[in-house]
Amino acid sequence: MKPSPISASVDFTRDGVQHGFLKLPYSRDDAAWGAVMIPLTVIRNGDGPTALLTGGNHGDEYEGPVALTKLAATLRAEDVRGRVIILPFMNYPAFRAGTRTSPIDRGNLNRSFPGKPDGTVTEKIADYVQRHLLPLADYVLDIHSGGRTLDFLPFAAIHVLDDKGQEERCEAAMQAFNAPYSMRLLELDSVGMFDTAAESAGKVFVSTELGGGGTATAKSVAIADRGVRQFLIHAGICAGRIERRDTVTLDMPDGDCYVTSLHDGLLEMCRDLGDEVAKDEVIARVHDVTRTGEAPIEYRARRGGILAARHFPGLIGRGDTLAVVAEIVG
Ligand SMILES: [Zn+2]
């Protein structure tokens with residue numbers, strides 16, 4: 001395969017703290033020989049495990065960028081045994097635009113793995129992460145939230161994996177992150193995901209959904225800050241004690257968890273995040289916005305459980321995920 005056009009200004013093998021960039025040449029109208037400069041920090045102190053910490057995989061999700069920017073500015077080499085690679089704004093063009101996908105090529109980074117060295121800008125980022133960063137890592141934490149169109153209960157997540165030993169290691173790392181909720185995710189569409197790339201490479205991988213609505217709150221950032229620290233302690237990279245608070249274990253065992261809107265209209269949620277709902281209970285109504293006097297369409301839970309995610313904006317479109325009802329396991 002062709003070499004990546006991306007070059008790193010940091011030396012991943014050097015001890016100490018390095019703040020630098022991944023430089024991705026990108027010729028465009030306002031910079032003929034310009035480049036996308038993706039900030040990153042590498043902190044290394046001798047031999048030991050490597051953690052790769054990523055935010056901004058989607059550009060409108062903010063707990064990862066906030067927590068990882070703070071970590072990059074404060075973590076010292078003497079606090080570390082091994083190496084921490086911090087990439088707070090992984091899809092940097094999308095992050096700067098405040099959009100889920102890249103404004104350059106509409107690329108959804110989390111559907112672009114393993115990427116292509118000679119593909120679009122987004123595919124080039126994916127290829128670099130796949131071939132140059134993932135092989136360095138033992139532990140990978142990718143911090144997501146709902147973005148502008150979804151809101152989530154704050155949870156850390158793992159996938160059910162064929163390799164049960166690996167699944168147990170991921171589960172233990174998720175428990176160390178210790179979000180208020182811990183989820184076994186069923187992906188609607190796992191092809192091209194960073195998750196799949198990291199898991200296929202045998203890494204201990206944890207992702208999160210820590211809120212949404214296109215912003216971060218004091219509460220959701222605190223969950224990210226604490227989770228990242230505890231993840232690094234669990235990896236054996238940072239010293240300290242893991243404090244274990246109660247976490248509610250959730251499961252999304254099948255497609256009945258998802259409620260999809262079949263109508264365009266005005267969304268009225270009848271239940272809020274964290275509410276327990278019964279099967280067939282009305283959880284939302286969609287009102288006609290083209291005329292008055294029409295009865296709303298009722299949307300019902302397809303299974304019992306807890307409302308774990310909801311569509312965020314007040315208007316909803318046909319095909320949008322309206323809600324996710326997860327099963328409470330314990
Ligand atoms: Zn995301």
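Strand 14 (residues 276-277) and strand 17 pair in the antiparallel sense, with two bridges between them. Across this pairing, Glu276 faces Ile306 of strand 17. Please keep in mind while reading that the model is predicted.

**Strand 17 and its partners**

Strand 17 (305-311) has further partners to look at. Strand 7 is joined to strand 17 by three bridges, and the two run antiparallel. Here Leu150 has His311 in strand 17 as its bridge partner. Strand 19 is joined to strand 17 as well, through four bridges and again in the antiparallel sense. Ile306 turns up once more in this pairing, with Ala326 in strand 19 as its bridge partner. As a reminder, strands of a sheet pair through backbone hydrogen bonds, either parallel or antiparallel.

The pairings of strand 17 are set out here, each with a pair of facing residues.

| Partner of strand 17 | Bridges | Sense | Facing residues |
|---|---|---|---|
| Strand 14 | two | antiparallel | Glu276 and Ile306 |
| Strand 7 | three | antiparallel | Leu150 and His311 |
| Strand 19 | four | antiparallel | Ile306 and Ala326 |

How many residues of strand 17 are buried? Seven of its seven residues are, and the strand is mostly covered.

**The largest pocket**

Strand 17 also leads us to the largest pocket, since it supplies the largest share of the lining, three residues. Strand 7 (150-152), strand 9 (181-185), strand 10 (204-209), strand 17 (305-311) and strand 19 (321-328) each contribute at least two lining residues. The pocket holds about 600 Å³ of space. Its lining consists of 30 residues, and those nearest the centre are Arg100, Arg111, Leu150, Phe152 and Glu209. Leu150 is thus a residue to look at twice, as it lies among those nearest the pocket centre and is the bridge partner of His311. By type, the lining divides into 12 nonpolar, 10 polar and eight charged residues.

**The zinc site**

Which residues coordinate the zinc ion? The donors are His58 through ND1, Glu61 through two OE entries and His144 through ND1, at 2.1 to 2.3 Å. Along the sequence, these donor residues follow the spacing H-x2-E-x82-H. Glu61 sits in the loop between strand 4 (50-54) and helix 1 (63-74), while His144 belongs to strand 6 (residues 139-144), so the pair ties together parts that are 83 residues apart in sequence. The angles subtended by the four donor atoms span 58 to 148°, and the arrangement is therefore irregular. Glu61 counts as buried because its relative accessibility is 2%, and His144, at 4%, counts as buried too.

**An open sheet**

Elsewhere in the chain, four strands form an open sheet in the order 16-15-13-18, with antiparallel pairing. Strand 16 (297-300) and strand 18 (315-316) are its edge strands, each pairing on one side only. Strand 13 (residues 265-269) and strand 18 are linked antiparallel over two bridges. Within strand 18, Ile316 is the residue opposite Gly265.

**Gly115**

One loop residue rounds off the tour. Gly115 is found in the loop between helix 2 (92-97) and helix 3 (121-133). Is Gly115 buried or exposed? With a relative accessibility of 14%, Gly115 counts as buried. Its C-alpha atom and that of Thr69 are separated by 25 Å, and the two residues are 46 residues apart along the chain.

Note on methods. Residues are numbered from 1 along each chain as its sequence is written. This is a predicted model: local features need pLDDT of at least 70, side-chain atom pairs count only at pLDDT 80 or more; totals for chains, interfaces and linings use all residues. Side-chain values use heavy atoms; hydrogens and water are left out. Donors are N, O and S atoms within 2.8 Å of the metal (3.2 Å for Na, K and Ca); water is not among the atoms, so sites may look incomplete. Four donors count as tetrahedral if all angles lie between 85 and 135 degrees; four count as square planar and six as octahedral if opposite donors are over 155 degrees apart and all others between 65 and 115; anything else is irregular. Buried means under 20% relative accessible area, exposed over 50%, partly exposed in between (1.4 Å probe, protein chains only). Two strands pair if DSSP finds at least two bridges between them. On a 1 Å grid over the protein atoms alone, a cavity is a set of points where a 1.4 Å probe fits but cannot get out, and a pocket is an open set with protein on both sides within 12 Å along at least five of seven lines; lining residues have an atom within 4 Å of a point. Grid points are joined across faces, edges and corners, and a volume is the space filled by probe spheres set on the points. Ala, Val, Leu, Ile, Met, Phe, Trp, Tyr, Cys and Pro count as nonpolar, Asp, Glu, Lys and Arg as charged, and the others, Gly among them, as polar.
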